[in-house]
Amino acid sequence: MARISKELVKRHDGKASLDPRYVIVVRVASFAFRFETVERLRECIKYYEKKARPSSRIAAKTLAADLGEDWRELRGWDVERWFERLSMYLLEEPKRQKVLKALSTALALAETGKL
């Protein structure tokens, strides 16, 4: 059973903010997804709708456009995309279906304003 909530993001210095920010949190299959925007949630749903995983290769021209011409000096997470950091057990078919159902429910709640 998935738990879907909207949580207030706290500042690191402990002070109150005049412009509070919220994140959508979806807890499913012993994993917590956090989304700052509904667009990110949609992007994650599109990723989990595909049974075959996209290639992890990124064209050099794309990297240069996104990160600048010195992209070869960057390492690790600077070049890594968000879905490459997900736990692999979430891609197993039964869990993928659970995750997809929970994310779709969260999207429906966010779009109707019930979250």
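**Notebook: a predicted chain, residue by residue**

I started at arginine 34, which is exposed, with a relative accessible area of 51%. The cut-off for exposed is over 50%, so arginine 34 qualifies at 51%. I noted early that I am working with a predicted model. Arginine 34 is in strand 3. I then listed its contacts, leaving aside neighbours within four places in sequence: Glu7, Ile24, Val25 and Arg27. I also took one long separation from arginine 34. Lysine 95 is 61 residues away in sequence, and the two C-alpha atoms are 17 Å apart.

**Entry: the whole chain**

I stepped back to the overall layout. The protein chain has three helices and three strands. In what order do the elements run from the N terminus? I read β-β-β-α-α-α.

Next I checked the dimensions. The C-alpha trace spans about 45 × 40 × 25 Å along its principal axes. The radius of gyration is 17 Å, whereas a compact globule of 115 residues would have one near 13 Å. I looked up burial as well: 23% of the 115 residues count as buried. The accessible surface comes to about 8800 Å², and carbon and sulfur atoms hold 52% of that. For contacts between residues at least 6 apart in sequence, I found that 56% join residues at least 24 apart.

**Entry: the loop between strand 2 and strand 3**

I looked up backbone angles here. Alanine 29 lies in the loop between strand 2 and strand 3. Its phi is positive, about 55°, although alanine 29 is not a glycine. Serine 30 is in the loop between strand 2 and strand 3 too. Serine 30 also has a positive phi, about 60°, and is not a glycine either.

Which of the words buried, partly exposed or exposed fits serine 30? Serine 30 is exposed, with a relative accessible area of 75%. Alanine 29 is partly exposed, at 21%. The cut-off for buried is under 20%, so alanine 29 misses it at 21%.

**Entry: aromatic rings**

I searched the whole structure for aromatic pairs and found seven. I took tyrosine 47 and tryptophan 82 as my example. Their ring centres are 5.5 Å apart and their planes stand at 65°, so I logged the pair as edge-to-face. The cut-off that decides this is over 60 degrees between the planes. The pair links distant parts of the chain. Tyrosine 47 sits in helix 1, tryptophan 82 sits in the loop between helix 2 (60-67) and helix 3, and 35 residues separate them.

Is tyrosine 47 buried or exposed? Tyrosine 47 is buried, with a relative accessible area of 8%. Tryptophan 82 is partly exposed, at 25%. Tryptophan 82 forms an aromatic pair with phenylalanine 83 as well. That pair is edge-to-face, with 5.6 Å from centre to centre and 90° between the planes. Phenylalanine 83 is buried, with a relative accessible area of 15%.

I then followed the ring pairs further. They link Phe31, Phe33, Phe35, Tyr47, Tyr48, Trp82 and Phe83 into a cluster.

One charge over a ring also went into the notes. Lysine 6 lies over the face of tyrosine 22, 5.2 Å from the ring centre.

**Entry: helix 3**

I turned to helix 3, which covers residues 93-112 and has 20 residues. From first C-alpha to last, helix 3 reaches 29 Å. That is close to the 28 Å expected at 1.5 Å a residue.

Which residues of helix 3 are buried? I listed Arg96, Val99, Leu100, Ala102, Leu103, Ala106 and Leu107. What do the buried residues of helix 3 pack against? Their partners are strand 1 (3-8), strand 2 (22-28), strand 3 (31-35) and helix 1 (38-49).

Serine 104 is also in helix 3. I found serine 104 partly exposed, with a relative accessible area of 33%. Its C-alpha is separated by 7.0 Å from that of isoleucine 45, and the two residues are 59 apart along the chain.

Last, I checked what follows helix 3. Glycine 113 comes after the helix, and its phi is positive, near 80°.

Note on methods. Residues are numbered from 1 along each chain as its sequence is written. This is a predicted model: local features need pLDDT of at least 70, side-chain atom pairs count only at pLDDT 80 or more; totals for chains, interfaces and linings use all residues. Side-chain values use heavy atoms; hydrogens and water are left out. Helices (H or I, at least four residues) and strands (E, at least two) are DSSP runs, numbered from the N terminus. The expected span of a helix is 1.5 Å times one less than its number of residues. Buried means under 20% relative accessible area, exposed over 50%, partly exposed in between (1.4 Å probe, protein chains only). Contact means heavy atoms within 4.5 Å. Rings of Phe, Tyr and Trp (its six-membered ring) pair if their centres lie within 6.5 Å; planes under 30 degrees apart count as stacked, over 60 as edge-to-face and the rest as tilted. A charge sits over a ring if NZ of Lys or CZ of Arg is within 6 Å of the ring centre and within 35 degrees of the ring normal. The radius of gyration is taken over C-alpha atoms; the globule rule is 2.2 Å times the number of residues to the power 0.38. Accessible areas come from the Shrake-Rupley method with a 1.4 Å probe; for residues, only the protein chains shown count as cover.
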